[in-house]
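Colleague: Thanks for making time for this one. Could you put the model up so that we can talk it through together?

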Amino acid sequence: MNTDRKKAHFLTKVKNWPLLLPVVSLILVMAVNIVHDAATGVNPLSFFIISLNETTSNGTILYGRIIDILNRGSEVAILALGMTLVVSSSAGTDISVGSVMSLSASFCCMLLAGYGVSSTNELAVPLVVGVLAALFMGALCGAFNGTLVAYLGIQPMVATLILFSAARAIGLLLCNDLIVYVRNDSYGYFGGFTGPIPTPIIIAAICIAIVAITLNKTSMGMYIQSVGINSKASRIAGLNSKRIIFLTYLICGLFAGVAGLVNSSRITSADSNNIGLYYEMDAILAVALGGNSLGGGKFNLAGSIIGAYTIQAITTTLYALGVSTDQAPVFKAIIVIIIVAIQAPPIKAYFRKKSLEKGVAKA
Amino acid sequence: MKTRKMNSNTVLLLITIALFFVLYGGGCIAYSGKGFTHLQTFLNILITNAGLICVACGLTVVMLTAGIDISVGSLVAMDCMMLAVGMEKGIGAVPMCILIIVTGVVFGLVQGFLIGYLNIQPFIVTMAGMFFGRGMTAVICSKQVAITEAMNSTFYSWANAKIVLPFGGYMNNKGKYMAPFLRVEVVIALIVLLLTFLMLRYTKFGRALYAIGGSESSAVMMGLNVKRTKMMAYVLSSVLTSIGGICFCLNTMSGSVQQALGFEMDAISSAVIGGTLLTGGVGNVIGTFFGVLINGTISSIVKTNGKLASSWPNILTAALLFLFIVIQSIFAAVRAKKK
C-alpha cells in the first residue's frame, strides 16, 4: 500500500516536472540512433562514444557524435538564451536574430579585411576590434528592437520584422555584395578548437554560465517573469517594465552578435546571404520545445538549452539516417507538430479526463 | 444620408495610397528618360507581383483574426514544383491546377485544425508548415525544373497570353507602336482581390473574422463559432496561397527548392504597410493591395536605376515599414489619450 502511494507520488512528480518534454524528446532521439546503429550492424552505443583522434590540421581533438551535436548546436543554444528572455518578458518573439547574426559577421569581417577587399590573409585591424565590433553591432540591433517594442509599444514580431529584412541587406552593403574571406588562423579560432575541445562549445558554456548566474544570483530573473506575467502590475509594484523589456531585447541582440561571430569564424568568411539563415526559427523552436509558453511569463532556461541541443540532435540523426539537407525539414516539421500537439491544452484536458475516469472506475 | 467620420484607420489607408502615388510619381520624374512613365511599367509591377497579391490577401484574412501564417512562401515553392513535375509527367494543366488547390485546402485544414481546435500558437504551427512545405519541395524533386512548351502547351499558352489594352501605348525608338498588355495571372489576382474584399465586407464569415480579431472572448459570447471560423481563415489563406502559387508559376515557369524564399515576409510587410494590424481586427485588402504596389514600385525603381546594389529594395521596404509602424503607434497613442 505504502509503496503504491509512493509510486503514485513519484509519477505525479515526474508528470509535473517542467523538463519532462525536452528530456523525453532528447531520449527518443538517442533511442532512434541506437536502434538505427543496431539495425545497420554498427556498435549500438557508437552514439555515445567519444574518442581522441589525431588530425593533420588541428592536432589531437575530441571526436564523436555527441561532441558534434554540442559543437554544431552552440549557435542555437546561444540564441535560445536571449530568445527565452525576450519571449518571457514581452510575450513575443525576436525574428531578427538570424539576420542580425549575418550583419554582425559581415561588419566584423569588413573591419578585419578592410572595405571592398574580398579575401585577405592579413588583418587590417587587431582581432579584438573586430570581435568587439561584432558584439557592438549585435547589441545595437537589439537596442533598436528593444526601443520599438518597449518604448513605442509595437508588437514584437512586427518590430523585429524590420531588421529581419534590413539587417541582412545592410550586411551585404557593408561587404560590397561580396563574400569576404578572412583567411587568418587567429580569426578561425572561435569556430576552431581550444586544445582538444571545439571552441564553440566553450563559448556556449560561458554564455550559459553568465546568464544562469545572473538570473540566479540577482532578482533579474524574477523581474523579467513578473513583467511577462503582468507588465502593468509590475509597474505599479515599482518595476521599470519598459526598461526590463528593453534590456531583454538588448541581451538577445548581443547574443545574436556572439552567435554570428562563431558562425562566420567556422567558415572564416562572411557569407551575408547564408549566415544565420533560418536560425531564428530554430531558436524559437528551442524555446517552445523547452516547455516554455510563447505567451510569455514563466520561463525555464534549462529547457530552452536542452531544446536547442535536441534540435541539433534531430538534424544530425536525420543526416546519419541518410536524409538529404533539403529534405530534412519535412521530418523536423512532423516532429514539431507532434511535440506541440502533445502539449496542447485540449489534448492535455482529454488525458486528464481519461485518467480521472480510470480512477473512478478503480474506486 | 449617412455621414461618416474619418477614423484613424481610414487616415492610415489614405497615407498608404498617397505614399504609393508619391513614390510612383517620384520614379516617373527621376526616370522619365528610362521609360518609367509608360503605362507598361505599372502593368509590369502588377504582372511580377500577381502571386504576391493573392498571397497577401490570404495573409490579411489570417491577420484579421490576430493570427499569422508564415508557411505561405514554402507553399508557393511547393505548388510551383508540383506544377513543374506534374507537367513533366504529362498531366494536363487543368487537373494539375485543381490538384494544387485541393493540396491548399488540405494544408489549410491541418494547420487550421491545430490552431483553431487544439489552441496551438499560429506562429509555431505555420512554422512547421513552412519547414514541411520547403522539405516536401525537395522530396518531390531536388533539381530545378523548367516548364517548356513541349511539356504542356496549354499551360505554356496561358503563361504567354497577352491581354492587350486598347489605350496607353507608345512609339518605341524604331517607330513601332507598343501596346500595353496584361497577363492572365493579373486578371486572376484582381478577381481574387475583389472577391476577398466583398467577402470581408458583406458576408457573415467576413464580419466574424473582424469580431474574433477585435476580441476573441466577446466573439465567443456573441455566439460565434470561433474555432470553426479560425480554421476556415487558415483554409482560405492556404487556398489563396495556392492560387497565388499558380500565378507565381505562370510568371516564373519553373519549380525549384530555392523559389519564393522570404515570400511570407514580403506578404506580411505588404499587409502591415497597408494598415493591417498584427493584433487583429483592423485592416482590409485594399490597403494590402497598395502595400504590394509600394513594394513593387521600390524594386522597380531600384531596377530602373541599375546602379544601386541588389540589397537596396530590402532596406527601403524595411525603412518604410519602420515609418508606418511609428505612425501607427502614434495614432494608437493619440486614440488612447482621447479615451
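Colleague: At what angle do helix 3 of chain B and helix 11 of chain B pack?

Modeller: A word on the source before the value: this is a predicted model, where local features need pLDDT of at least 70, side-chain atom pairs count only at pLDDT 80 or more, and totals for chains, interfaces and linings use all residues. Residues are numbered from 1 along each chain as its sequence is written, while chains are lettered from A and ligands numbered from 1 in the order in which they are written. Helix 3 covers residues 50-64 and helix 11 residues 226-252 of chain B, with helices (H or I, at least four residues) and strands (E, at least two) being DSSP runs numbered from the N terminus. Their axes, lines fitted to C-alpha atoms (for helices over the stretch in contact), lie 7 Å apart, and the angle between N-to-C directions, on a scale from 0 to 180 degrees, is about 170°.

Colleague: Are helix 3 and helix 11 of chain B roughly parallel or roughly antiparallel?

Modeller: Angles under 35 degrees count as roughly parallel, over 145 as roughly antiparallel, 65 to 115 as roughly perpendicular and the rest as oblique. The pair packs at about 170°. Helix 3 and helix 11 of chain B are therefore roughly antiparallel.

Colleague: How many charged residues are in the contact of helix 3 with helix 11 of chain B?

Modeller: Residues are in contact if their C-beta atoms, placed from the backbone, lie within 7 Å. Helix 3 contributes residues including Ala50(B), Cys54(B) and Val61(B), and helix 11 brings, among them, Leu240(B), Gly244(B) and Phe248(B). Ala, Val, Leu, Ile, Met, Phe, Trp, Tyr, Cys and Pro count as nonpolar, Asp, Glu, Lys and Arg as charged, and the others, Gly among them, as polar. The contact has 14 nonpolar residues, seven polar and, for charged, no residues.

Colleague: Which helix of chain B gives the most to the side that touches chain A?

Modeller: Chain B puts 38 residues into the contact and chain A puts in 37. On the chain B side, helix 5 (93-117), helix 6 (122-140), helix 12 (263-273) and helix 14 (312-338) each supply at least two residues. That side holds 25 nonpolar, 12 polar and one charged. With 12 residues, the top contributor is helix 6.

Colleague: Which helix packs on the open sheet of chain A?

Modeller: The sheet has three strands in the order 3-4-7 with mixed pairing, where strands pair if DSSP finds at least two bridges between them. Strand 3 (119-120) and strand 7 (269-270) are the edges, and strand 3 runs parallel to strand 4 (residues 180-182), joined by two bridges. Ser119(A) has Tyr181(A) as its bridge partner in strand 4. Touching strand 3, strand 4 and strand 7, at about 65° to the direction of strand 4, is helix 5 (residues 97-113) of chain A.

Colleague: How far apart do the C-alpha centres of domain 1 and domain 2 of chain A lie?

Modeller: The bounds, which come from an automatic or database domain assignment, are 65-322 for domain 1 and 328-363 for domain 2. Six residues of domain 1 and seven of domain 2 make the contact, with helix 13 (279-289) and helix 14 (301-320) each supplying at least two residues on the domain 1 side. The separation of the C-alpha centres is 32 Å.

Colleague: What radius of gyration does chain B have?

Modeller: Chain B contains 14 helices and six strands, and its C-alpha atoms fill a box of roughly 65 × 50 × 40 Å along the principal axes. The radius is taken over C-alpha atoms, and the globule rule is 2.2 Å times the number of residues to the power 0.38. For 339 residues a compact globule would come near 20 Å, which agrees with the chain B value of 21 Å.

Key. Contact = placed C-beta atoms within 7 Å.
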